[in-house]
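Here are my notes on the model you sent over, as numbered points. Have it open while you read.

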Amino acid sequence: MPADLLPGPALTAVGVAMIRARETERTDRLYADPWAQAFVDAASLSYQSASADDRQIWERVRQLADVMYDSRTVGVRVVDDTLLDAVNDGCSQIVQLGAGLDTHAFRLDWPQPVELFEVDLPETVGFKEEVLAGVRPHRNCTRHVVSIDLAENWSQELLAAGFDPAVPTCWIDHVAVSLPRRQAHRIAQTVTELSCPGSRYSFPVMTADAITRTAGTVPGAKELYRGPAPHDGEHGFGSDGQGMLEGLGWTVVVQDFGEIATGYGRAAAGQGGGNAIASR
């Protein structure tokens, strides 16, 4: 198992793995991820055997996972359903920007053959691949791993990995909500350039206040975010994100998060925002 300590963005992915592992144990679970606990155990081993400061960081991640459990576990199911719906409707390519440690390639039953591209930071990818090599899950689709910072020219790496812009694609953007607005917009523009008619682009919608309140419940949690911790409206797509995407040629539907959670029989009080699905 990995012995190196993980940087902030990879640790937030471990926090979501904690949430998926917890949900998997429920009898009324919204989904099952049999491999989530393996990521948690591998990271825990490194942090619990490190310094007192590092153990404190681990406790911070655990606390943040507790705070975010109700909303984020619903978010995992939303992504699952978004992917399966898109594939059912003809999207045979999937690109996950900021794929983290989720295991869609192994745990979802795809209705047709799928080419799945996971894009994330090298340190996250390295940790994920090492853990997966230990548990050796069976792939349910063709899986491509792209190891790159989304602040770089990631589109070239994606194309080199076999991505075909002429094929309808479902994009899942996990990172734009926590990035500086200019960088988030640049990602949206690149996604647009690579998307043919029939493609979809899905991402969470949260106000900066909601993100700040969530991170603020656990001291030091803001330092774990991928980009600068969101403090104002200059992060994510901003208040006019829907207009920005519509200007790029997308048709955007925003789903209220509270209504989504209720539909799954769960509550997500204080979440704010929702989920957006854009189509071409």
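1. A cut-off to start with: a residue is called buried when its relative accessible area is under 20%. Cys-196, at 12% relative accessibility, therefore counts as buried. Keep in mind throughout that this is a predicted model.

2. Staying with the cysteines, how many disulfides are there? The count comes to zero. Cys-91 is in no disulfide, and the nearest cysteine sulfur, on Cys-170, is 5.7 Å away. The cut-off for a disulfide is two sulfur atoms within 2.5 Å. Cys-91 is at 1% relative accessibility, so it goes down as buried. Cys-196 is in no disulfide either, and the nearest cysteine sulfur to it belongs to Cys-91, 8.0 Å away.

3. Helix H3, residues 52-88, is worth a look for its bend: about 70 degrees, at Tyr-69. Tyr-69 also has a charge over its ring, with the charged end of Arg-22 sitting 3.8 Å from the ring centre. After H3 comes Gly-90, which has a positive phi, near 115 degrees.

4. Arg-22 gives a handle on the loop between helix H1 (8-24) and H2, where Ala-32 is found. Ala-32 and Arg-22 are ten residues apart in sequence, and their C-alpha atoms are 9.6 Å apart in space. Buried or exposed is not quite the right choice for Ala-32, because its relative accessibility of 32% makes it partly exposed.

5. Now the aromatics. The structure holds ten aromatic pairs. Take Phe-39 and Phe-127: their ring centres are 6.2 Å apart and the planes stand at 45 degrees, so this pair is tilted. For tilted, the planes must be neither under 30 degrees apart (stacked) nor over 60 (edge-to-face). Since Phe-39 lies in helix H2 (residues 36-48) and Phe-127 in helix H5 (residues 122-135), the pair ties together parts that are 88 residues apart in sequence.

6. How buried are those two rings' residues? Phe-39 is buried, with a relative accessible area of 0%. Phe-127 is buried too, with a relative accessible area of 5%. Phe-127 has another long-range neighbour to check: its C-alpha is 8.4 Å from that of Ala-10, a residue 117 positions away along the chain.

7. Two more items on rings. Phe-117, Trp-154, Phe-163 and Trp-171 form one aromatic cluster. Then there is Trp-250, with Arg-280 lying over its face at 5.3 Å from the ring centre.

8. On to the strands. In which sense do E2 and E3 pair, parallel or antiparallel? Strand E2 (residues 115-120) and strand E3 (residues 142-147) pair in the parallel sense, over six bridges. To find the register, look at Glu-118, which stands opposite Val-145 in E3. With H5 added, E2 and E3 make a right-handed β-α-β unit. H5 is also the helix that holds Phe-127, so follow the tilted pair of point 5 from here if you like.

9. One backbone angle in that stretch deserves a second look. Arg-136, in the loop between H5 and E3, has a positive phi of about 50 degrees although it is not a glycine. Is Arg-136 buried or exposed? Its relative accessibility is 72%, so Arg-136 counts as exposed.

10. Further along, strand E4 (residues 169-173) runs parallel to strand E5 (residues 200-205), and three bridges join them. Ile-172 stands opposite Ser-202 in E5. Getting from E4 to E5, the chain passes through helix H7 (residues 181-193), and this β-α-β crossover is right-handed.

11. Strand E5 also pairs with strand E7 (residues 274-279), in the antiparallel sense and over six bridges. The residue to pick out here is Phe-203, which stands opposite Ala-276 in E7.

Note on methods. Residues numbered from 1 in each chain as written. Predicted model: local features only at pLDDT ≥ 70, side-chain atom pairs only at ≥ 80, totals over all residues. Heavy atoms only, no water. Bend = angle between axes of the 7 residues up to and from the residue. Helix = DSSP H or I, 4+ residues; strand = E, 2+ residues; numbered from the N terminus. Phe/Tyr/Trp six-rings, centres within 6.5 Å; stacked < 30°, edge-to-face > 60°. Buried < 20%, exposed > 50% of the residue type's maximum accessible area, 1.4 Å probe, protein only. Lys NZ or Arg CZ within 6 Å of the ring centre and 35° of its normal. Pairing = 2+ DSSP bridges. Right-handed = clockwise from strand over helix to strand, strands pointing away.
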